[in-house]
Amino acid sequence: MISKIRTLTGITTTGTPHLGNYVGAIRPAIEASRRDDVESFYFLADYHALIKCEDPARIAQSRLEIAATWLALGLDTDRAFFYRQSDITEIPELTWLLTCVTSKGLLNRAHAYKAAVDRNLADSEDGDAGITAGLFMYPVLMAADILIFNAHRVPVGRDQIQHIEMARDIGQRFNHLYGDAYRAVTKAAAEPFVLPEAVTDENVATLPGLDGRKMSKSYNNTIPLWLSAKDLRKAILGIVTDSRAPGEAKDTEGSNIFAIYQALASADETAAMRQAFADGIGWGDAKQKLFERIDAELAEPRERYNTLMAKPGEIEDRLQAGAKKARERSAPFIAALRQSVGLSLSTVDTVPRSATVRATPPAALAPPMWKRYREKDGLFYFKLVDPAGEVLLQSKGIAQADEVGLVIAELLIMGSHFPRVDTATLSMEGRVEVIGAADSVRAALVALADIEKQKRAVKEQGEH
Ligand code: TRP
């Protein structure tokens, strides 16, 4: 099987989607998600939204609108992974693991944080006045978004490139610190994290807004995506133009109308519009043509959007299904990462319920036992036997007596460091046969490792 390139991007859920978002991000993303050689991950970055917006109603509304937008525009959720960041509990979990390997100095250098500090200083305020730790930590949360699914490529705007570079740095640091432990846990040769690359599409024009500056919420010059046809037309009539009269040849260069038209239209349509400009089309007619072109593209999705927004339950179902699909990846991955840093679930969690109950009466507190012996074939053997006499592990014949001790020591290390070890690993490359239930074997190893630890502690105390 050829492994696919994973593409991932997040959409902060603070505003209402506009035409610039559509042309610059949503449309190319949906197109890319149809390719067979990529696996696409698109998500609503609603935890990130909290950093920028403390209005619960707006957060909730924006999440809904943006989800409906992607669905209405035809994102195929059977192909792509489409989910809400806050539904993937592994993301905040990973955020903490990454926080602990991220140097504070790296975060000090983040553009968004630095700009906020600079603004404060310019106002003769304390540098950190009004800056939340959330803003400071923004890049780490973003790194977790990306690394949890081991994305190769992250399509973003230029303003986000630094964040992707930070995600690489943070991922690399984690790989360096915990790579060996991770490989011991997973028995795979891979690094924990793929180091992601930012992808900025040079061809995707940033759309000018109504006033000619870049279309952006912060300039309040956007054309919202889901205006009714009537309001869309009105908005387009409001686009700023120069004062050339009908009949005068018009420059396509620097014309907002032309730039928006070109971003949406085919090459042929664009050529025809270029000709119309040269022939002196009036601005009113040009705006009408632009309106018709946008409306032709959005009329059907607009209906789907309105239908979805009227039934938020349907949107919720799709998002829940998306979260489930995504967590099938993130849940086992975080388990391996936790083990790698030494945070496997406690013995209480690992010991199966029945075993815990059995352990309660004092008589059953007897530990499992190693039994070593030599067979007539001259080889050395051992087995691990539980207090009831059931065999949990049975070794194959071992030529050297001292190797028996080494294999047992390795098993004990697994008990103390990797209580969720799988049976394949327990078989020690074929030297051991796992006979008992995996949970019982793991519980026995954990218990024996604990006993060893206690013995060592007692011995050390005696030495002091
Ligand atoms: N910070 C991104 C933005 O403002 C949104 C985002 C959050 C994101 N997490 C991400 C983008 C992960 C790409 C990958 O545009």
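Which residues touch the most other members of the largest nonpolar core? They are Tyr83, Leu94, Leu98 and Leu337, in a core of 68 residues. A nonpolar core is a set of buried Ala, Val, Leu, Ile, Met, Phe, Trp, Tyr and Cys residues joined through side-chain atoms within 4.5 Å. Buried means under 20% relative accessible area, exposed means over 50%, and partly exposed lies in between, with a 1.4 Å probe and protein chains only.

A word on the model comes next. It is predicted: local features need pLDDT of at least 70, side-chain atom pairs count only at pLDDT 80 or more, and totals for chains, interfaces and linings use all residues. Residues are numbered from 1 along each chain as its sequence is written, and side-chain values use heavy atoms, with hydrogens and water left out.

Back to the core. In soluble globular proteins, nonpolar side chains tend to be buried together. In the largest core here, the largest share comes from H7, with 9 residues. Helices (H or I, at least four residues) and strands (E, at least two) are DSSP runs, numbered from the N terminus. Another core lies apart from this one. That second core has 50 residues, among them Leu44, Ala72, Ile239 and Leu290.

Now look at Tyr83. Contact means heavy atoms within 4.5 Å. Not counting residues up to four places away in sequence, Tyr83 touches residues including Leu8, Phe41, Phe43, Phe149 and Ala326.

Next along the chain is Arg84, in strand E3 (residues 81-84). Is Arg84 buried or exposed? Arg84 counts as buried because its relative accessibility is 6%. Its side chain makes a polar contact with the side chain of Asp87, at 2.8 Å. A polar contact is a pair of N or O atoms within 3.5 Å; within protein, one must be able to donate a hydrogen and the other to accept it, and residues adjacent in sequence count only if both atoms are side-chain atoms. Beyond four places in sequence, Arg84 touches Leu44, Asp46, Arg63, Glu316, Leu319 and Gln320.

Helix H4 spans residues 90-99 and is mostly covered. Of its 10 residues, 7 are buried. They are Glu90, Ile91, Leu94, Thr95, Leu97, Leu98 and Thr99. What covers them? The cover includes H7, helix H8 (161-186) and helix H13 (312-341).

Turn to the ligand. Which residues come nearest to the ligand? Of the 15 around it, Gly10, Tyr138, Met142, Asp145 and Gln160 do. A residue is near a molecule if one of its heavy atoms lies within 4 Å of it. This shell divides into 8 nonpolar, 5 polar and 2 charged residues. Here Ala, Val, Leu, Ile, Met, Phe, Trp, Tyr, Cys and Pro count as nonpolar, Asp, Glu, Lys and Arg as charged, and the others, Gly among them, as polar.

Some atom pairs can be picked out. An N or O atom in the side chain of Tyr138 is 2.6 Å from a nitrogen atom of the ligand. For the side chain of Gln160, an N or O atom is 3.0 Å from a ligand nitrogen atom. A polar side-chain atom of Thr12 lies 3.4 Å from a ligand oxygen atom. On its own, the ligand has 370 Å² of accessible area, and the protein covers 89% of that. Accessible areas come from the Shrake-Rupley method with a 1.4 Å probe; for residues, only the protein chains shown count as cover. Strand E1 (5-12), strand E2 (38-45), helix H2 (46-52) and helix H7 (133-147) each give two or more residues to the shell.

Thr69 sits in helix H3 (residues 56-72). Thr69 is buried, with a relative accessible area of 1%. Its side chain makes a polar contact with the side chain of Trp226, at 2.9 Å. Leaving aside neighbours within four places in sequence, Thr69 is in contact with Pro17, Ile26, Leu225, Trp226 and Tyr305.

Finally, check two loops. Most residues other than glycine have a negative phi. Ser124 has a positive phi of about 55 degrees, although it is not a glycine. Ser124 lies in the loop between helix H6 (111-122) and H7. Ser124 is exposed, at 69% relative accessible area. Glu429 also has a positive phi, near 55 degrees. The loop that holds Glu429 runs between helix H17 (423-426) and strand E9 (432-434). Glu429 counts as exposed because its relative accessibility is 73%.
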